[in-house]
Amino acid sequence: EVVEVLREMLKILRFVHAHGSIHRDIKPSNIMRHRNGTLYLLDFGAVKQVAKGSGIQGSTGIYSLGYAPPEQTSGGQVFPSTDLYALAVTCIQLLTGKPPTELFDSYTNTWNWRPYATVSDRLASILDRMLLSAPNQRFQTVDEVIAAIKSPSPPATPATSPTASVPKPVHQSTALQPPPPLPTMPPQTSLPAPSPPRPKPARSARRQPATLSFSIWELLLGGAFAGFEGSLVTIALVNLLGLSPVSGGLALLTLAGMIFFQSRRWIEKWDYLILAGISIALMAFLPGLRAGNPMTGILVLAGLGGLVAIAAASLFRIIFSLLARFF
């Protein structure tokens, strides 16, 4: 699942970088999965446009703590590898289920995530290189990462050199050029780390954010259906059982069930018309549900119930939006 996220985000970043931009705020909450399985990268409010010939571009303070590399948090120049660093942090968070603050060792200035995840050496080496603190030691382009993913062997770890050249920022009119091959460090021997049980994937890797998000029109349409259908059910129960706690409880239970089914998207769009049509037909052909009341009056009451539900949904949306601005 994490490799899938990595591959899809790399495709998006290839397009972004090729058009002279750097996202600068990649994190799990800015990645959303559509119901059809497509992954989207959100929130381009912090995008950095790198203009040709403008010299060194300093980074502003727009970033998410824990995901931004050192050159970004210090206000320095940002590069395509800046996005690759944040993408790697996102991947290790999804792998381990732990926030970046628990995976980064500030004493040694290194990432300590491998004991919390069971992955192949090749994937671990790719993520470790993307997480290096020096921009010129990471992969310089998206294509380099894609090539390393396709390669059967782990990528070489670049040697740390104070005289190594700093990568140039991406330009609007020029294509990204891969850097020259970097020297490799000799393998170091160390004691094997214990193998803890594999943790559960982070919640951000699942599809819940995409399936539980609704547009304003979906919210209002769902409210209208719940109010209309709930009114018909309430009228039918009162006519059958009389005005009692039992009929009221059953009506509330039915309304809660409809709201739950809508929240899970088990009923939506054309389902509303089909269910409403079935309910109206039952009321029309079963006189006991109407208790002799005219069908026109029942439909008017149900319509008023739908309008009340639309008003309640709109009020909820407004209150939620206001609270979201402050918290």
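## Starting from Leu10

A good place to begin is Leu10: setting aside neighbours within four places in sequence, this residue is in contact with Leu84, Leu87, Val142, Val145, Ile146 and Ile149. Keep in mind as you look around that the model is predicted.

Leu10 also belongs to a wider group, the largest nonpolar core, which has 37 residues. Leu10, Leu87, Trp113, Leu127 and Met130 are the members that touch the most others in this core. At least two core residues come from each of helix 1 (2-18), strand 3 (39-41), helix 3 (80-96), helix 5 (121-130) and helix 6 (142-150). Helix 3 provides the largest share, with 10 residues. There is a second core too, separate from this one; its 10 residues include Phe228, Leu232, Met283 and Met295.

## The chain as a whole

Let's step back for a moment. The protein chain contains 12 helices and six strands. It has 327 residues, and 37% of them count as buried.

How do contacts in the protein chain spread along the sequence? Taking contacts between residues at least 6 apart in sequence, 67% join residues at least 24 apart.

## Helix 1 against helix 3

Two packed helices can be described by the angle between their axes and the distance between the axes. For helix 1 and helix 3, the angle is about 165° and the axes are 11 Å apart. Angles over 145 degrees count as roughly antiparallel, and helix 1 and helix 3 are therefore roughly antiparallel to each other. Helix 1 makes a right-handed crossing as it passes helix 3.

Which residues in helix 1 and helix 3 meet? From helix 1 come Val2, Val5, Leu6, Met9, Leu10, Leu13 and His17, and from helix 3 come Pro80, Asp83, Leu84, Leu87, Cys91, Leu94 and Leu95. By type, the residues of this contact are 12 nonpolar, one polar and one charged.

## Helix 8 against helix 9

Further along the chain, helix 8 (residues 216-241) packs with helix 9 (residues 245-263) at an angle of about 155°, and their axes are 9 Å apart. Helix 8 and helix 9 are therefore roughly antiparallel to each other. Their crossing is right-handed.

On the helix 8 side, the residues that meet helix 9 are Gly222, Gly223, Phe225, Ala226, Glu229, Gly230, Val233, Thr234, Leu237, Val238 and Leu241. On the helix 9 side, Val246, Ser247, Leu250, Ala251, Thr254, Leu255, Met258 and Gln262 take part. The residues of the contact between helix 8 and helix 9 comprise 11 nonpolar, seven polar and one charged.

## Two serines to look at

Now for a pair of individual residues. Ser81 is found in helix 3. Is Ser81 buried or exposed? Ser81 counts as buried because its relative accessibility is 1%, and buried means under 20%. Leaving out neighbours within four places in sequence, Ser81 has contacts with Pro135, Arg138, Phe139 and Gln140.

Ser151 sits in the loop between helix 6 and helix 7 (208-211). With a relative accessibility of 22%, Ser151 counts as partly exposed. Ser151 and Arg122 are 29 residues apart along the chain, and their C-alpha atoms are separated by 8.6 Å.

How values were computed
Residues are numbered from 1 along each chain as its sequence is written. This is a predicted model: local features need pLDDT of at least 70, side-chain atom pairs count only at pLDDT 80 or more; totals for chains, interfaces and linings use all residues. Side-chain values use heavy atoms; hydrogens and water are left out. A nonpolar core is a set of buried Ala, Val, Leu, Ile, Met, Phe, Trp, Tyr and Cys residues joined through side-chain atoms within 4.5 Å. Buried means under 20% relative accessible area, exposed over 50%, partly exposed in between (1.4 Å probe, protein chains only). Helices (H or I, at least four residues) and strands (E, at least two) are DSSP runs, numbered from the N terminus. Contact means heavy atoms within 4.5 Å. Axes are lines fitted to C-alpha atoms, for helices over the stretch in contact, and angles run from 0 to 180 degrees between N-to-C directions. Angles under 35 degrees count as roughly parallel, over 145 as roughly antiparallel, 65 to 115 as roughly perpendicular and the rest as oblique. A crossing is left-handed if the near helix is turned anticlockwise from the far one by less than a right angle, and right-handed if clockwise. Ala, Val, Leu, Ile, Met, Phe, Trp, Tyr, Cys and Pro count as nonpolar, Asp, Glu, Lys and Arg as charged, and the others, Gly among them, as polar.
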